[in-house]
Amino acid sequence: MCNQTVGLIQAAIEREGIATVSISLLREVASAIKPPRALFVPFPMGFPLGAPNNPALQHRVIAAALRLLERNDLPVLENFEHDPKENE
């Protein structure tokens, strides 16, 4: 799904009182759209949770995204911090 569409859908859901979060591979798009809560991940297109068969990294990405649900200082665009060797 298009990043812009996801951001617009997020905003509509948030207006109904439901917190949302997205994981973004394109920081420039997320910065322009300003979704309520987004986690920017520095992974290749098609791999928003990092490398396949790396469940520890994938769990860290999901946990970081879910922690953003606690934030109310919207919009939030946070960077996912990791060691690039972790994505192998």
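Modeller: Helices here are DSSP runs of H or I with at least four residues, strands are runs of E with at least two, and both are numbered from the N terminus. The model is predicted, with residues numbered from 1 along each chain as its sequence is written, and local features need pLDDT of at least 70, side-chain atom pairs count only at pLDDT 80 or more, while totals for chains, interfaces and linings use all residues. Side-chain values use heavy atoms, leaving out hydrogens and water.

Colleague: Okay, what pattern does the chain follow along the sequence?
Modeller: Start with the count: the chain has 3 helices and 3 strands. Read along the sequence, they give α-β-α-β-α-β.

Colleague: And what's the order of the strands in the open sheet?
Modeller: Strands count as paired if DSSP finds at least two bridges between them. β1 (residues 22-24) and β2 have 3 bridges, in the parallel sense, and β2 shares 4 bridges with β3 (residues 76-79), also running parallel. Put those together and the open sheet of 3 strands has the order β1-β2-β3.

Colleague: Which are the edge strands?
Modeller: Look back at that order, β1-β2-β3. An edge strand here pairs on one side only, and that fits β1 and β3.

Colleague: Which residue in β2 is the bridge partner of I23?
Modeller: Let's walk along the pairing: S22 stands opposite A38 in β2. On the other side, E78 in β3 is the bridge partner of a β2 residue, L39. I23 also has its bridge partner in β2, and that's L39.

Colleague: Are the residues of β2 buried or exposed?
Modeller: Buried means under 20% relative accessible area, exposed over 50%, and partly exposed in between (1.4 Å probe, protein chains only). In a regular strand the side chains alternate between the two faces of the sheet. In β2 (residues 37-40), R37 and L39 point one way and A38 and F40 the other, and all are buried.

Colleague: What's the handedness of the crossover from β2 to β3?
Modeller: Point the strands away from you: a crossover is right-handed if the path from the first strand over the helix to the second runs clockwise. The unit of β1, helix α2 (residues 27-33) and β2 is right-handed. The β-α-β crossover from β2 through helix α3 (residues 55-67) to β3, though, is left-handed.

Colleague: Which two residues does the cis peptide bond join?
Modeller: Most peptide bonds are trans. Check the loop between α3 and β3, where P75 lies. With omega at about -5°, the cis bond joins L74 and P75.

Colleague: What is the relative accessible area of N53, which has a positive phi?
Modeller: Most residues other than glycine have a negative phi. N53 isn't a glycine, yet its phi is about 60°, and its place is the loop between β2 and α3. N53 is exposed, with a relative accessible area of 77%.

Colleague: And what about K34, where phi is also positive: which loop is it in?
Modeller: Phi of K34 is near 55°, and K34 isn't a glycine either. K34 is exposed at 54% relative accessible area. Its place is in the loop between α2 and β2.

Colleague: Last one: what is the chain's radius of gyration?
Modeller: It's taken over C-alpha atoms, and the globule rule is 2.2 Å times the number of residues to the power 0.38. For 88 residues, a compact globule would come out near 12 Å, and the chain agrees with that, at 13 Å.
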